[in-house]
Amino acid sequence: MRRKPRIPPSPLPQRDGVDPVRIKLPQGGGWATVREHLVERLAAGAGVIDGMIGEGLIVREDGHPLTADAAYAPGMFVWFHRELPHEERVPFALDVVYHDAHIVVADKPHFLATTPRGSHVAETALARLRRQLDLPTLGAAHRLDRLTAGLVLFTVRPEERGAYQSLFRDKLIRKEYEAVAPYDERLALPHTVRSRIVKERGVMAAREVPGEPNAVSRVELLERRGPRGRYRLTPSTGQTHQLRVHMNALGVPLLGDPLYPVVTGPVPAGDFRRPLQLLARALEFTDPVTGHAHRFVSGRALQAWSAYDDWAQ
C-alpha cells in the first residue's frame with residue numbers, strides 16, 4: 001500500500017483564526033528559483049511576490065524566510081498569509097450547541113460561510129469558532145451552504161477528523177432540514193425525490209440531468225399557513241444544492257432562494273434581508289470515537305414562518 005506523503009506542520013501561526021496558505025512545489029516546470037514559480041503560479045505580479053519575499057512574509061519549512069535566489073526544489077513546501085479581503089461582518093450570533101474533547105456542534109446563522117473560501121475568509125464559522133473557543137486545531141467535518149442556517153459538526157483533534165467525515169461519506173449520520181416554501185395542494189406528500197444532479201465548476205446553479213440517481217430527498221409537509229408550507233426535508237445523499245434543486249423540481253422553490261428557479265443578481269454586501277428559508281434542524285449519529293449516541297437540534301426559527309411580514313419587507 002502506498003504511503004501518503006508527509007505534510008510538515010506549518011511554521012506560521014494562524015491569523016484571525018485563518019490558516020496560512022501552504023504551497024507544495026510540483027515536479028518539472030523548468031523554474032530555476034522558487035520565486036519564479038510563485039510569480040507564475042500566484043498571478044499576483046512580480047512586484048507583489050518580490051515585496052513579500054523582501055519583507056520575509058514567505059517562509060520555508062524551517063520557518064526561515066524565503067530568499068529571492070532560493071533554488072527550486074520539487075516537493076518543497078512554502079507558507080505565507082494571504083492579504084485578507086475586507087469582509088462585511090455577519091451580524092448574527094454563532095451559537096455553540098455542544099462541545100467536548102472531540103467535537104464542537106455549532107448553530108450557524110444564515111449568510112455565514114462554514115469555512116474560508118473565495119471572498120469569505122475570516123468571517124466564517126470555522127474562523128469565528130477558532131477565535132471564540134481558542135481552538136486553533138478546530139476543523140470542519142462537513143459544510144453547509146453560506147445561505148443555509150443550522151447545525152454544523154466540527155472536530156477538535158486533526159487526527160480524528162477523518163473518522164467524523166466518514167459519517168457523512170458512509171451515510172451513517174441522519175440529517176434533517178426544515179424549509180419554508182409555497183404550498184401546493186396538488187403536490188402529494190410525503191414524497192421521495194430521486195434524480196441525478198450535476199454542479200459544473202463556474203456555474204452558480206446545479207441542475208438535474210438524465211441518468212442514474214445520485215441525489216435522494218424525502219419531503220414531508222409539517223404545516224400549512226395560507227399560501228405557505230413548512231416542510232421537513234430528509235436527504236440521504238449530499239449533492240451540492242440538493243434540497244434546493246429538488247424543491248424547485250417539485251414546483252415549490254424555497255423562499256428567499258437566489259438561484260432556483262431563477263438566478264438573480266448578486267446581493268450587495270451588508271444586505272442581510274430575506275435569508276434563504278432553509279435550516280439544518282437536526283443531526284443524529286453515533287460518535288465514532290466515543291461510541292456515544294448524539295442527537296442535536298437547532299434552536300433557530302425560519303423567519304418567513306415565524307414572522308413573514310418582517311422577512312418579506
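The following exchange asks why certain labels apply to residues and groups in this predicted model.

Me: Why is Arg273 called exposed or buried, and where in the chain is Arg273 placed?

Reply: Arg273 is in the loop between helix 5 and strand 12. Its relative accessibility is 57%, and exposed means over 50%, so Arg273 counts as exposed. Leaving aside neighbours within four places in sequence, Arg273 is in contact with Phe111 and Gln313.

Me: What makes the pair Glu160 and Arg157 a salt bridge, and how is each of the two classed by accessibility?

Reply: The closest N and O atoms of Glu160 and Arg157 are 3.4 Å apart, and a salt bridge requires a side-chain nitrogen of Lys or Arg within 4 Å of a carboxyl oxygen of Asp or Glu, so the pair qualifies. Glu160, at 12% relative accessibility, falls under the 20% limit and therefore counts as buried, whereas Arg157, with a relative accessible area of 33%, lies between 20% and 50% and is therefore partly exposed.

Me: How do you know that Asp184 and Arg186 meet in a salt bridge, and which class does each belong to?

Reply: The N to O distance between the side chains of Asp184 and Arg186 is 3.0 Å, which is within the 4 Å that the term allows, so the two meet in a salt bridge. Asp184 has a relative accessible area of 18%, under 20%, and is therefore buried, while Arg186, at 73%, is over 50% and so counts as exposed. A search of the whole structure finds 22 salt bridges.

Me: Why is Arg174 classed as it is, and what links Arg174 to other charged residues?

Reply: Arg174 has 40% relative accessibility, which lies between the limits of 20% and 50%, so Arg174 counts as partly exposed. Its side chain meets that of Glu176 in a salt bridge of 3.6 Å, N to O, and Glu176, at 13% relative accessibility, counts as buried because this value is under 20%. Arg174 and Glu176 also belong to a network of salt bridges that includes Arg218, Glu220 and Arg232.

Me: Why is Arg228 said to have no salt bridge, and what does Arg228 touch?

Reply: The nearest side chain of opposite charge, Asp309, is 6.5 Å away from Arg228, and a salt bridge needs a separation within 4 Å, so no salt bridge is counted for this buried residue. Arg228 is placed in strand 11, and, not counting residues up to four places away in sequence, its contacts include Tyr183, Glu223, Trp305 and Tyr308.

Me: What makes a group of residues a nonpolar core here, and which residues have the most contacts inside the largest one?

Reply: A nonpolar core joins buried residues of the kinds Ala, Val, Leu, Ile, Met, Phe, Trp, Tyr and Cys through side-chain atoms within 4.5 Å. The largest such core has 34 residues, and those with the most contacts inside it are Leu138, Phe154, Leu233, Met247 and Leu278. Among the elements that give two or more residues to this core are strand 6, helix 3 and strand 11. A second, separate core of 16 residues includes Leu25, Met52, Ile53 and Val78.

Me: Which residues of helix 3 are called buried, and what covers them?

Reply: The buried residues of helix 3 are Ala125, Leu126, Ala127, Arg128, Leu129 and Arg130, and what covers them includes strand 3, strand 4, strand 5 and strand 6.

Note on methods: Residues numbered from 1 in each chain as written. Predicted model: local features only at pLDDT ≥ 70, side-chain atom pairs only at ≥ 80, totals over all residues. Heavy atoms only, no water. Buried < 20%, exposed > 50% of the residue type's maximum accessible area, 1.4 Å probe, protein only. Helix = DSSP H or I, 4+ residues; strand = E, 2+ residues; numbered from the N terminus. Lys, Arg positive; Asp, Glu negative; His and termini not counted. Contact = heavy atoms within 4.5 Å.
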